[in-house]
Amino acid sequence: MRYVLARTGQAAVVLLAAFTASFVLLQALPGDAILIKFDNPELGLSAEQLAAVRTAYGADASPLTQYLHTLTGFLGGDLGYSVQYGTPVGQLLGEALPATATLAVAGFVTAVLLALGIAAAATLAPLRWLRTAAASLPSLLAAVPVFWLGIVLVQVLSFRLGLVRTIGAGPVESLVLPVLTLAVPIAAPLAQVLLRSIDTVSAQPFVAVTTAKGASRRWLLTRTVARNALPPTVAIAGVLLGELIGGAVVTETVFGRAGIGRVAEQAVANQDVPVLQAVVVLAAAVFTLVNLAVDLLYPVLDPRAKVRLTA
């Protein structure tokens, strides 16, 4: 119980630090979103009317007052109003979140399958050069930039081979290229950690004893080695799952998909601080909660960690 309370407290501190850092950095941005939106000659607002608008958005209050007001609102579920659209920020994010969540979950599942496939090929391939080639794939894939990979996939799979349509595609088909773009960079470190864990476990004495008794390489991998190699992989998977929101922002921008990425891109262009603040806190909350879940799950997966924590 003490471990659970300590990890939960650390997660709360991380979220508060992320909120505070994003608030300070966004306040330091040059320009004023309210002036960009309302100080337009076509609107014909007087100086008094413009001042009233600033008061309505709380822009004329001191930074400390704005910080406390925003923090209290976030804790109560009120994310404020978008300066650009005049709608509640929670409504904007609520409409965009399902598309981003679908992309992130599909990308993560595909990344896990890719990593398992690479690890299986690097361990069980019948030829040595095939195992070496499979083991080298993670380093190669990790060096591929997301935006470059997206453009290459569109050029090859859509324009050259015609396997996936980019215009007039259905809901599932339109996900193929963004999911692959998001999954490949995530699969690379996942496969690297899994391969190193398999090598470490394979060097243990009990594996040598089991091999001497006649166990095949496939039996060892599926029945013994994989189970002991999974805990470190689950830990890094939690970190990578939290990073998917950031990767989804780039992917959605490259493929022009609606989602949190599109909302963030437009908020940056318009200096819509309330929306940017909410997107940053949302990404930090996803990252923190996923890693909290992994921290709480890790002692269950690895009894050695449970022994260390209770010692």
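Helices here are DSSP runs of H or I at least four residues long, numbered from the N terminus. With that in hand, here are the legends for this predicted model.

**Figure 1. A salt bridge within helix 11 links R262 and E265.** Start with the charged pair: the closest N and O atoms of R262 and E265 are 4.0 Å apart. Both residues sit in helix 11, which covers residues 260-270. Because R262 and E265 are three residues apart in that helix, about one helical turn separates them. How exposed are the two partners, R262 and E265? R262 has a relative accessible area of 28%, so this residue counts as partly exposed. E265 comes to 38% and is therefore partly exposed as well. The count of salt bridges in the model is one.

**Figure 2. T288 is a buried residue of helix 12.** Helix 12 runs over residues 273-301, and T288 is found in it. With a relative accessible area of 7%, T288 falls under the 20% limit and so counts as buried. Which backbone atom does the side chain of T288 reach? It is the backbone oxygen of A284, at 2.7 Å. Once residues up to four places away in sequence are set aside, T288 touches A11, V14 and L15.

**Figure 3. S158 in helix 7 is also buried.** Look for S158 within residues 146-160, the extent of helix 7. Its relative accessibility is 10%, which is why S158 is classed as buried. Which residues does S158 contact, apart from its neighbours within four places in sequence? They are L153, V164, R165, T166 and L177.

**Figure 4. The surrounding chain has 13 helices and zero strands.** To place the close-ups, step back to the protein chain, whose C-alpha trace spans about 90 × 60 × 30 Å along its principal axes. Of its 311 residues, 34% are buried. Taking contacts between residues at least 6 apart in sequence, 71% join residues at least 24 apart. The accessible surface amounts to about 17,400 Å², and carbon and sulfur atoms account for 68% of that area. For anyone thinking about electrostatics, the chain carries 19 positive and 15 negative charges, and the mean positions of these two sets are 27 Å apart.

How values were computed
Residues numbered from 1 in each chain as written. Predicted model: local features only at pLDDT ≥ 70, side-chain atom pairs only at ≥ 80, totals over all residues. Heavy atoms only, no water. Helix = DSSP H or I, 4+ residues; strand = E, 2+ residues; numbered from the N terminus. Buried < 20%, exposed > 50% of the residue type's maximum accessible area, 1.4 Å probe, protein only. Contact = heavy atoms within 4.5 Å. Areas by Shrake-Rupley, 256 points an atom, 1.4 Å probe, with all protein chains shown as cover. Lys, Arg positive; Asp, Glu negative; His and termini not counted. Charge placed at Lys NZ, Arg CZ, Asp CG, Glu CD. Polar contact = N/O pair within 3.5 Å; in protein donor to acceptor, adjacent residues only side chain to side chain. Salt bridge = Lys/Arg side-chain N within 4 Å of Asp/Glu carboxyl O.
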